[in-house]
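Subject: Structure handover and notes

Dear colleague,

Please find below the structure that I promised to pass on to you. My notes on what was found in it follow directly after.

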Amino acid sequence: MEGCDGRAGWLKSIGVVGTLQPPGACELVLSDGADASVMAEFAVHPLRPTGVGSGPRLNYARECTRCATLTRVKRVSRHSCVTLLEFEEFASMVSGMLPDRRHQLILRALRADGPISVVALAEKVGASQATIRRDLVQLEDEGLLKRVYGGAAPMVGEDDPFADVAGVRVEAKDALAVWCADLVRDGETVLLDIGTTAHRVARHLHGRSLTVITSNLAVYEELQDDKDIQLILLGGVVRRDYRSLVGFLTEDNLRQVHADRLLLGTSGVRPDGQVLDTTAVEVPVKRAMIAASAQVVLLADAGKFPGTGMARVCGPEELDVVVTNAPVDEKTGSRLREAGVEVVEV
């Protein structure tokens with residue numbers, strides 16, 4: 001089966017340049033050379049049209065020469081410019097958007113707009129209301145949102161501000177930080193997660209020949225004057241009390257980088273090995289960090305077993321090493337080792 005790039009190329013070849021935003025059912029944007037009278041008769045198949053006259057008529061738009069954006073020219077009489085959706089995203093949409101992508105868009109809409117209806121989500125994502133309802137059930141089960149009548153609402157975070165956590169279990173965090181700093185090799189690229197333990201790791205990295213990527217403002221402030229370290233601060237929305245950067249900009253930045261190791265923090269590790277966080281807004285960033293890293297090292301002091309948290313970050317199969325300062329309970333340790341995770345007690 002052709003991939004998204006192949007579909008995008010084929011659609012371009014027949015004169016489609018994109019789709020209207022927010023996406024509607026089969027609403028196409030045509031180049032000047034495309035024959036709208038023919039294109040409007042095509043039924044969109046996951047790979048290509050099945051033929052003229054074989055499906056529903058399509059709404060379409062022309063590239064707007066007056067304002068260099070787009071304007072609807074069918075079923076709307078007045079000039080009304082709209083935004084062009086990225087072509088690969090449209091190719092993905094006509095073949096059925098992947099669940100993970102829908103989930104990202106749903107969570108992004110909740111972060112931006114707050115509580116939102118199923119109808120509005122269906123329009124934003126370009127999926128049926130039945131599909132959105134199934135997605136909401138799954139995302140609620142993962143602790144990433146709360147379903148309400150007719151739609152969904154973002155979860156309210158229960159985490160404590162950075163300053164309140166910094167003085168808790170200091171000795172244990174330092175022990176983990178020293179071990180993780182020794183794990184890092186000169187020349188590596190290291191991702192440091194948010195949180196006070198990652199900040200303590202940064203204190204032990206001074207003078208090392210490293211690249212450090214982080215969304216942790218405390219880590220940035222710790223290392224900003226160290227000329228031996230190439231320091232990359234991810235973009236995003238500032239959470240001042242939590243000394244972190246979050247949001248779609250942070251996630252997009254992480255898709256552009258690759259790290260040798262991620263030093264990941266957590267609020268809790270369940271007996272089944274599931275890694276949790278106390279606030280949903282940090283979870284997409286943590287997941288993007290995992291995806292950007294060759295090795296994932298979880299820093300979890302004794303207070304994190306089982307700890308707290310209602311939002312699932314990842315399962316044990318996505319971890320490589322768990323570093324803790326106390327013996328892990330038998331059930332949790334067994335589940336981690338079954339998943340191939342190295343458990344280190346320092």
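A search of the whole structure, which is a predicted model, turns up 12 salt bridges. One of them joins the side chains of R102 and D135, with a distance of 2.7 Å from N to O. Since R102 belongs to helix 4 (residues 99-113) and D135 to helix 6 (residues 129-141), this pair ties together parts that lie 33 residues apart in sequence. Both partners are out of the solvent by the criterion used here, R102 being buried and D135 being buried as well.

A second salt bridge is formed by E188 and R261, whose closest N and O atoms are 2.8 Å apart. This pair, too, links distant parts of the chain, with E188 in the loop between helix 8 (170-183) and strand 9 (189-192) and R261 in strand 14 (residues 261-264), a separation of 73 residues. E188 counts as buried because its relative accessibility is 12%, under the 20% limit, and R261 counts as buried with a relative accessibility of 12%.

The salt bridge between the side chains of E221 and R243 has an N to O distance of 2.2 Å. Here E221 sits in helix 10 (residues 217-223), while R243 is in the loop between strand 12 (237-239) and strand 13 (244-246), so that the pair links distant parts of the chain, 22 residues apart. In this case E221 counts as partly exposed, at 42% relative accessibility, and R243 likewise counts as partly exposed, at 23%. Finally on this topic, D193, D277 and K286 are linked with one another in a network of salt bridges.

Turning to the nonpolar interior, the largest nonpolar core has 46 residues, and those with the most contacts inside it are I106, I132, L136, L145, L191, L298 and L319. Two or more residues of this core come from each of helix 4, helix 5 (118-125), helix 6, strand 14, helix 12 (283-291), strand 17 (296-299) and strand 18 (311-314). For L319, once its neighbours within four places in sequence are left aside, the residues in contact are L264, V275, V296, L298, C314, L336 and V341. Apart from this core lies another, of 23 residues, which includes C180, L183, L192 and V212. As general background, nonpolar side chains in soluble globular proteins tend to be buried together.

Strand 9 also contains T189, which is buried, with a relative accessible area of 16%. Leaving aside neighbours within four places in sequence, T189 is in contact with T211, I213, H258, A259, D260 and R261; the last of these, R261, is the residue that forms the salt bridge with E188.

Two helices deserve a separate comment. In helix 5 the buried residues are V118, L121, A122 and V125, and, seen down the helix axis, they fall within an arc of 100 degrees, so they line one face of the helix. An α-helix has 3.6 residues a turn, so residues three or four places apart point the same way. Just after helix 5, G126 adopts a positive phi of about 80 degrees. Helix 9 (residues 196-203), for its part, is mostly covered, with seven of its eight residues buried, namely T196, T197, A198, H199, R200, V201 and A202.

One further position you may wish to look at is S334, which is found in helix 13 (residues 330-338) and is partly exposed, with a relative accessible area of 35%. S334 and P271 are 63 residues apart in sequence, yet their C-alpha atoms are 9.0 Å apart in space.

For the chain as a whole, the secondary structure comes to 13 helices and 20 strands, and buried residues make up 48% of the 346 residues. Of the contacts with a separation of 6 or more, 57% are accounted for by residues 24 or more positions apart. The accessible surface of the chain comes to about 16200 Å², and 50% of it belongs to carbon and sulfur atoms.

With best wishes

Conventions: Residues are numbered from 1 along each chain as its sequence is written. This is a predicted model: local features need pLDDT of at least 70, side-chain atom pairs count only at pLDDT 80 or more; totals for chains, interfaces and linings use all residues. Side-chain values use heavy atoms; hydrogens and water are left out. A salt bridge is a side-chain nitrogen of Lys or Arg within 4 Å of a carboxyl oxygen of Asp or Glu. Helices (H or I, at least four residues) and strands (E, at least two) are DSSP runs, numbered from the N terminus. Buried means under 20% relative accessible area, exposed over 50%, partly exposed in between (1.4 Å probe, protein chains only). A nonpolar core is a set of buried Ala, Val, Leu, Ile, Met, Phe, Trp, Tyr and Cys residues joined through side-chain atoms within 4.5 Å. Contact means heavy atoms within 4.5 Å. The arc is that of the directions from the helix axis to the C-beta atoms. Accessible areas come from the Shrake-Rupley method with a 1.4 Å probe; for residues, only the protein chains shown count as cover.
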